[in-house]
Amino acid sequence: MNDPLAPFADLTTPHVADACIRLGLPVRVAPSSMRPVFPGTHAVGRVLPAQHTGSVDVFLEAMEGAEPGDVLVVDDGGNLDEACVGDLVALEAAKAGLSGIVIWGLHRDTPELRSIGLPVLSLGASPTGPLEVRTSPVDALVQARVGKHIVTRDDVVLAADDGAIFVPLGRAAELAELAASIRDTERRQAGLMHEGTSLRQQVHFGDYLRARAERGIGFREHLRGLGGAIEE
């Protein structure tokens, strides 16, 4: 059986974001302040949600029902006062076969996380762990909020150097196919630029300026007629 997420291995979050725009899907990205712990990060998998309330047991319970390749998505409410994920959680996630961790909150144990090598994105680091344990909500393992977005097991997350994006699991294959087409177009355009053909030449920019003056068309409309990938 083919893995519907396999094509994402060679895609970036911008490719997928552009594909969402073209398909008319919401572009659900994590806050721009969420960054990878180390460069070269790339993880894709089905969302494994967990709402943190001060104890790691919610992460361990989530992993009890995890499938290989899942990405643990931690909702700590964007807390910037204390870290919620450290080296032991990351190591346990790696041993459980997860492909990464996305944290709407902070991490700690940065050198150890880099040594473990599991892709981790967070809002930053803090030496302080949880200072208290709060009551866990009944849907703690059902959904997680990341910024303004709610994600569930019906979503896929791609986390990389430019951040994280969430897409519907049921549209993943379609999105990956279109994103790959966008990627290939951009690579072809970049290749032509390295060979001496400017971007303006490739997109017939002079023709666009004339068409804009004569018919009032927009640049994206012009690009669609050419099959260009610049803006979407």
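Modeller: Rings of Phe, Tyr and Trp make a pair if their centres lie within 6.5 Å. By this rule, the predicted model in front of us has a count of 3 aromatic pairs.

Biologist: Why is the aromatic pair of Phe205 and Tyr208 called tilted?

Modeller: Their ring centres are 5.5 Å apart and the planes meet at 45 degrees. Stacked needs an angle under 30 degrees and edge-to-face one over 60, so 45 degrees belongs to the tilted class.

Biologist: How do you know that Phe205 and Tyr208 are separated by about one helical turn?

Modeller: Both sit in helix H7, which spans residues 205-215, and they are 3 residues apart, so about one helical turn separates them.

Biologist: Which of the words buried, partly exposed and exposed fits Phe205, and which fits Tyr208?

Modeller: The cut-offs are under 20% for buried and over 50% for exposed. Phe205 has 29% relative accessibility, so Phe205 counts as partly exposed. Tyr208 has 8%, which means that Tyr208 is buried.

Biologist: What makes the pair of Phe205 and Phe219 edge-to-face?

Modeller: Here the centres are 5.8 Å apart and the planes are 80 degrees apart. An angle over 60 degrees counts as edge-to-face, so the name fits this pair. The pair also links distant parts of the chain: Phe205 belongs to helix H7 and Phe219 to helix H8 (residues 219-226), 14 residues apart. Phe219 has 18% relative accessibility, under the 20% limit, and therefore counts as buried. Phe205, Tyr208 and Phe219 together form one aromatic cluster.

Biologist: Now to the backbone: what makes the phi of His204 worth a mention?

Modeller: Phi of His204 is near 50 degrees, a positive value, and the residue is not glycine. His204 lies in the loop between helix H6 (199-202) and H7. With 40% relative accessibility, between the 20% and 50% limits, His204 counts as partly exposed. Asp109 also has a positive phi, about 60 degrees, without being a glycine. Asp109 is found in the loop between strand E7 (106-107) and helix H4 (110-116). At 27% relative accessibility Asp109 is likewise partly exposed.

Biologist: Why is strand E11 described as largely enclosed by the rest of the structure?

Modeller: Strand E11 covers residues 155-160, and 6 of its 6 residues are buried, so the description follows. Both faces are covered: Asp155, Val157 and Ala159 are buried on one side, and Val156, Leu158 and Ala160 are buried on the other.

Biologist: How do you know that E11 and E12 pair?

Modeller: At least two bridges between strands are needed, and E11 shares 6 with strand E12 (residues 163-168), so the two pair, in the antiparallel sense. A hairpin of 2 residues joins E11 to E12. E11 also pairs with strand E3 (residues 42-51), again in the antiparallel sense, over 5 bridges. Val156 ties the picture together: Arg46 stands opposite Val156 in E11, and Val156 stands opposite Val167 in E12.

Biologist: Which residues line the largest pocket?

Modeller: The lining consists of Asp3, Pro4, Leu5, Val44, Gly45, Arg46, Glu67, Pro68, Gly69, Asp70 and Leu169. The volume of this pocket is about 220 Å³.

Biologist: How do the residues of that lining divide into nonpolar, polar and charged?

Modeller: There are 5 nonpolar, 2 polar and 4 charged residues. Gly counts as polar in this scheme, so Gly45 and Gly69 go into the polar class. Asp, Glu and Arg count as charged, so Asp3, Arg46, Glu67 and Asp70 go there.

Biologist: Why is Glu64 called exposed?

Modeller: Glu64 has 72% relative accessibility, and over 50% means exposed, so the label holds. Glu64 lies in helix H2 (residues 57-64). The C-alpha atom of Glu64 is separated by 16 Å from that of Thr152, although the two residues are 88 apart along the chain.

Biologist: How many disulfides does a search of the whole structure find?

Modeller: The search finds 0. A disulfide would need two cysteine sulfur atoms within 2.5 Å, so no pair of cysteines meets that limit here. Cys20, at 1% relative accessibility, is under 20% and therefore buried. Cys84 is buried too, with a relative accessible area of 4%.

Terms used: Residues numbered from 1 in each chain as written. Predicted model: local features only at pLDDT ≥ 70, side-chain atom pairs only at ≥ 80, totals over all residues. Heavy atoms only, no water. Phe/Tyr/Trp six-rings, centres within 6.5 Å; stacked < 30°, edge-to-face > 60°. Helix = DSSP H or I, 4+ residues; strand = E, 2+ residues; numbered from the N terminus. Buried < 20%, exposed > 50% of the residue type's maximum accessible area, 1.4 Å probe, protein only. 1 Å grid on protein atoms, 1.4 Å probe; cavity = no way out; pocket = protein on both sides within 12 Å on 5 of 7 lines; lining within 4 Å. Points joined across faces, edges and corners; volume = space filled by probe spheres on them.
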